[in-house]
Every structure is written in C-alpha cells, then in structure tokens.
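Please go through the fold of this chain, taking its sheet, its cores and one of its helices in turn.

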Amino acid sequence: MLSALAFGSRSLQSAARSRRFSAFAPPRLFDYDTITKNLAVTDAIDSVEEAFGALARGKVDVPMPMHIGIDESEAAGPGDCHIKGGYVSGTKTFTVKLACVSFYKNVEKGLPPGCGVFVVVDAITGAPLAIFQENRFMTDLRTGAAGAVAMKYTTPDQGNTVGFIGCGAIARNMARAAASVRDFQGVVYALDGAEDFAEEMSAELGISFSVANSAEELCQKSNVIYTQTPGSDTVLELDWLQKGTTIIASGSDQPTKQEIPSDVLKASKYIPDLVKQTSKVGELRGAIEDGLMSEEDVYCELGDLVNGKVGREGDELIVVDLTGTGAQDAAIGQVAWDKLGSL
C-alpha cells in the first residue's frame, strides 16, 4: 500500500509528464552584410531621442555596463569586452549587447580590432527574437544618433562650423547624423586619414569639409566639436576654444580614457548621457578624481533636454559626454528588429 507521500509524489510526476510545453522558435540570425545594407544612422535618431527622454523620466531599466578585460598573454589578448543592455518601458523588445574592442592583434591577421552582437528579446515572452552580428555597426549608429540629439539641443539653428577630431567610423556617423539636424560646414583633424574623410564626407553629404593642420586650428575654426578618439590622451585645451562652443565627446567609455581636460569640464555647462556612468567611466570621472567637479556640478542629463529643459542659453561652453547607454542599445535593437524582422 502506497503512503500518502508516495502517492502524492507519483501524482505530481504524472501531471508533469502529461503537461507539454512547446519550444520557442530559435532566434533569427542577421549577418553583417544584411544589417549594413538595411540600416542607416538616420533610422536611429528619432528612436534614440525618445529613449533618452524616457531614460530621464525613469522609464528605462539600464544596469551599469559590465567590463571584461582580456590581458595580453601567449594565449589571448589584449582586448576589452563591454556588455550593455536595457529596456524602454512600454516597448515590445529589450536588448543585450556584447561589444569587443581593442583586439589590436587582429589587424595583423587582416581582421578588425572590434566586433559585437546584439540580442533582441521579446519583452512579452522573454524569448530571443534575433541575434544581430553587427560588428559594432549598430553601436556606431546609435552613437551617431546620440550625437545628433546632442547637437539638436545645444547648438544654434544656423551658422555652425563643425569640427571632427578623429575620423573613424563613429566620426562618419556623427557627420551623417549631424547633417540630418543642422546645416553646417565641416573641419576635420586626425593623425591619419583626415584628407580621405573630408573628401568622402563632402561627396556623400554635399557639405564643404576642410582639413585642419592641428587640433588647435580646428578648435579656433569650430563652434561645435565632436571628439571620437581612443581616449588615451586629451585632445584639446581650454584656451583654444571659441565662446559658445559645444563639445560632444564620445571617446571615453572606461576608466582609463579621457579626451577632455578637467579644466574644460569645470568651465562648462556639463551634460552627460547618464551621470551614473560618466562619473565612473566617462569624462566626469577625471574631473572628480582631480577634485574639480562632483556630480552636483552636472547641469542635467541629455534626456532632460529632450523633455524640455533649456540647453543653450547664450555663449556658454557646453560639454556633452556620451559614454553610450543601454537605452540607446534598446532603441537601435527595436529599430533593427522592426526593419529586418520582416525580411
């Protein structure tokens, strides 16, 4: 005779066997060529702007980024891995992104030094919908889109001369995105590739670009300056800047990087994408360590401008610090799924 406990256990096992769950369909895989042929930075601007507004209203769940350092050894490295993600309340998907950067030994093998994937997940079921093998392309798009949002809210409507310090993939997306919100003339300075950048962007955007002989010359000619360098050294000085300059910095995203000197930050109306990040891995971190600023010196976050706070009020110096947020990743992930999911 079965005991009550044994009978109950068998009943539960029988119920479990009779209950069948259908498996989730595997996520779709989108390769790099498909992504680059179907997405442009202009696709991301509106969505990223809305995400910043939601972030400032507390409507985005954005955990702090995870960083994995790959030290150089005979077996691996050097390199860095960043993991970010987020969910914008009320949207249909959320995103987790893995980005690998600074694997410079790849160049010797004919491979790029960075790569990455976005995982876009159904916010109803929790099932992965798609894996985008974007190799930082989508990251560069959402960074460029953030640059456009910053320019929209911190620069004059007309008469802008925009300087680009650094001329890699992010700089190109910054230029494309900026051209969608403002008319401008361009100036570029870089240690390598500035002439090609000026020629190619002029042809693509129909905008005049000139090449500066130094970062100082660029600053003296520009009222808007985008900096997108590896961030190992500062790239400008306070006494190089015109009155009313806006600096949009996107090169610092970990504690070892700083593009903008601390005295420039101290003198500015400082606007981060997310202060809890920039105080740890952005430009603000350096000024805090130097004892020149605290989080109380932050004017507002970028999303506050989207939500109606005034950006430029006169000829003040403005620095916008873009470290990249999970809100942007969630936004571009939703855009990518909306555009490519029906292919």
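The questions and answers below treat the sheet, then the nonpolar cores, then one helix.

This is a predicted model, in which local features need pLDDT of at least 70 and side-chain atom pairs count only at pLDDT 80 or more, while totals for chains, interfaces and linings use all residues. Residues are numbered from 1 along each chain as its sequence is written, and side-chain values use heavy atoms, with hydrogens and water left out.

Q: Which strands are the edge strands of the open sheet, each pairing on one side only?
A: Seven strands, in parallel pairing, form an open sheet; strands are DSSP runs of E with at least two residues, and helices are runs of H or I with at least four, numbered from the N terminus. Two strands pair if DSSP finds at least two bridges between them. The order is β10-β9-β8-β11-β12-β14-β13, and the strands that pair on one side only are β10 (209–211) and β13 (269–272).

Q: What angle does the direction of α4 make with that of β12?
A: Helix α4 packs on the sheet, where it touches β8, β9, β11, β12, β13 and β14, contact meaning heavy atoms within 4.5 Å. Axes are lines fitted to C-alpha atoms, for helices over the stretch in contact, and angles run from 0 to 180 degrees between N-to-C directions. For α4 and β12 the angle is about 165°.

Q: Which helix gives the largest share of the largest nonpolar core?
A: A nonpolar core is a set of buried Ala, Val, Leu, Ile, Met, Phe, Trp, Tyr and Cys residues joined through side-chain atoms within 4.5 Å, where buried means under 20% relative accessible area (1.4 Å probe, protein chains only). The largest such core has 63 residues, and Leu39 and Phe132 are among those with the most contacts inside it. Its largest share, nine residues, comes from helix α4 (residues 137–154).

Q: Why does the end-to-end distance of α3 agree with its number of residues?
A: The expected span of a helix is 1.5 Å times one less than its number of residues. Helix α3 (residues 41–56) has 16 residues and should therefore span 22 Å, which agrees with the distance between its end C-alpha atoms, 22 Å.

Q: On which residue is the kink in α3 centred?
A: The bend at a residue is the angle between axes fitted to the seven residues ending there and the seven starting there. In α3 the kink is about 25°, and the buried residues of this helix include Ile45, Ser47 and Val48. The kink is centred on Ser47.

Key
Buried means under 20% relative accessible area, exposed over 50%, partly exposed in between (1.4 Å probe, protein chains only).
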